[in-house]
Amino acid sequence: MLGLAGTAMAAEGGSAVVTAKRMLDVRTGKMLHDVTVLVQDGRIKDIETGPGLKFVTTDMPHYDLGDMTLLPGLIDMHVHLDSDPTYSGYTGLQFNDRFWSALSVVHAQRTLQAGFTTVRNVGSSDWNDVGLRQAIDEGKLTGPRIVTAAYSFGATGGHCDSTYFPPSMDEHNPYNADTPDQARHSVREVRKYGAQVIKICATGGVFSRNTEPGQQQMSLAEMKAVADEAHQWGLRVAAHAHGAAGIKDAIRAGVDTIEHASLIDDEGIKLAKQRGAWLSMDIYNTEYTQSEGKKNGVLEDNLRKDREVADIQRENFRKAHAAGAKMVYGTDAGVYPHGDNGKQFAVMVRYGMTPVEAIQAATITASEALGRKDVGEIAQGRWADLVAVPGDPTQDVALLESVPFVMKGGDVVKDARNAR
C-alpha cells in the first residue's frame, strides 16, 4: 500500500508484538496494566498482562509504546468520504463529478491517520465509496475499513433527493422510492452494486433545500419495506431522521440505527430502548458549520436550520443517554473536515457521557451495531486495529483528538510518537 507520503507499506496482515503501560478493555470499561499483545497475520493472537515481554520477537517487530494507553481502532458510524465541507451550497458545481472520487482518497487517509480504522459511509454519489472500499481492500490505497451504503435514498423531493435545481436540469436521485415496491427495488439495486448497509432519509434535513428537519418524508409502510427487504438480504438499515414522527416510524419499521435523532421525544427514546435501535447523534459538527459554513458557501437557510436544531439535538442526546438508549459514535464527517473525527468525544462527555462510555460508543458498541465481531475490541481473533495515546483517555478524552500511533490489520500506518 501507499502511505500519505507515497512510501511503500506492507499489505495488511502483518505480525508484531505491541507493549504498553495501559490498555482499555472496552467491554468491561476497566484499565489493564503492563499489556503485551501478540499480532499474527493481521489478527490478535494473544494478550497477556504483567511486567516483562511475554512473547519472543526475534522474527517480528516489537512496538514498545511505553507510558501510553492502548485502545481498539476507533469506529465512526456516520461519514461521507466523498464530501468536502469547504465546497458547499452551489460552489461544488465548478468541478467535474470525478473530482469527488479523487478527494475521497485523501479523506480516507486522513480518517485513518486520526485513529478511525473502521467507518460506515452512509451515502455517496456515483458509487464513490464502493470503489474506494475495493481499492483499500485490494491494498492499492491506505484507508479505514469502509462499510458502504452507496446511494442513500428516500422520497422524491426529500432530503436524499437532488433539491437544488430547477426542472430543466432534470436532477434527481435515481433510487427515489415513493411506494413500498419502489423501496424494495431500490434496496435490491444498491445492494447489487456494492451497498453493505442501506441508508434512507425518513425526514427532511439541514443541508438540503426545500425540506425541514422535522418533516416526515417516508411513510411507515415504505420504511418497513426497506427494513424487511434489507434484513432479508442480511443488511442493516440506517435512517436519516431528525423529526420525532419520522424517528418513531423508522424504529417501528425495524430500522437498526437512527441518524441525527435531533428532535427525538420521550416516546421515541422509549421506542428505541424497547426495539433495540441505536442512536447515532452527531453533536460536534455544529461547532464547524456555524463558524465556517458561510465562507464555504452554505446557504443562509441551511445555516438557519443548523442553528435551530443544534442545542435541541445536544440536549436530547443528554436525555437519551440518561434514559439508557443505545448510542453509537457518528460524526457526519464531510459536513466538517475529515480527520477531525475525534473532536466529538469531548462534546459527548460534556453532554452526559463518561469518557469510557464515549469510547465504548466508538468501539465495542459501534461494532455491535455493525453486526461485526472482527473490529471494535482488543480481543483474540479480531483484527489488530490498535491506537495509542499518551496519558489516560478515561481521564481526559480529548487525548483522542490527536492520536500518534495507529495500527490497522497488524501494519503500523502512523507512528508520530517522536513528532514535535
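Contact here means that heavy atoms lie within 4.5 Å of each other. That one idea goes a long way in this model, which is a predicted one.

Take helix α2, which runs over residues 128-137. Its buried residues are N128, D129, V130, L132, R133 and I136. What sits over them? The cover for the buried residues of α2 includes α1, β7, β8 and β16, the last of these spanning 405-408. Just past the end of α2 comes G139, and this glycine takes a positive phi of about 80°.

Two of those covering strands, β7 and β8, belong to an open sheet of 3 strands, laid out in the order β6-β7-β8 with parallel pairing. Which strands stand at the edges? They are β6 (74-79) and β8 (145-148), and each has a single partner strand, so one side of each is left without a neighbour in the sheet. Neighbouring strands here are turned against each other by 15° on average, if direction is ignored. Looking at one pair up close, β6 and β7 (residues 116-121) run in the parallel sense and are joined over 4 bridges. As an example, V79 has N121 of β7 as its bridge partner. Back to the helix for a moment: α2 packs on this sheet by touching β7 and β8, and its direction makes about 150° with that of β8.

After β6, the chain enters a loop that leads to α1 (98-113), and P85 lies in that loop. Is P85 buried or exposed? Its relative accessible area is 6%, and because anything under 20% counts as buried, P85 is a buried residue. Leaving out neighbours within four places in sequence, P85 is in contact with Y288, N296, G334, V335, Y336 and P337. As for A195, it is 110 residues away from P85 in sequence, and the two C-alpha atoms are 24 Å apart in space.

Now for the nonpolar side of things. In soluble globular proteins, nonpolar side chains tend to be buried together. In this model, the largest nonpolar core holds 78 residues, and the members that touch the most other members are F153, I198, I200, V226, I258, L279 and F345. I198 makes a handy example: setting aside neighbours within four places in sequence, I198 is in contact with F153, V187, V190, V226, A230, L235, R236, V237 and A238. Apart from this core lies another one, made of 18 residues, among them A16, V37, Y63 and L65.

Note on methods:
Residues are numbered from 1 along each chain as its sequence is written. This is a predicted model: local features need pLDDT of at least 70, side-chain atom pairs count only at pLDDT 80 or more; totals for chains, interfaces and linings use all residues. Side-chain values use heavy atoms; hydrogens and water are left out. A nonpolar core is a set of buried Ala, Val, Leu, Ile, Met, Phe, Trp, Tyr and Cys residues joined through side-chain atoms within 4.5 Å. Buried means under 20% relative accessible area, exposed over 50%, partly exposed in between (1.4 Å probe, protein chains only). Two strands pair if DSSP finds at least two bridges between them. Helices (H or I, at least four residues) and strands (E, at least two) are DSSP runs, numbered from the N terminus. Axes are lines fitted to C-alpha atoms, for helices over the stretch in contact, and angles run from 0 to 180 degrees between N-to-C directions.
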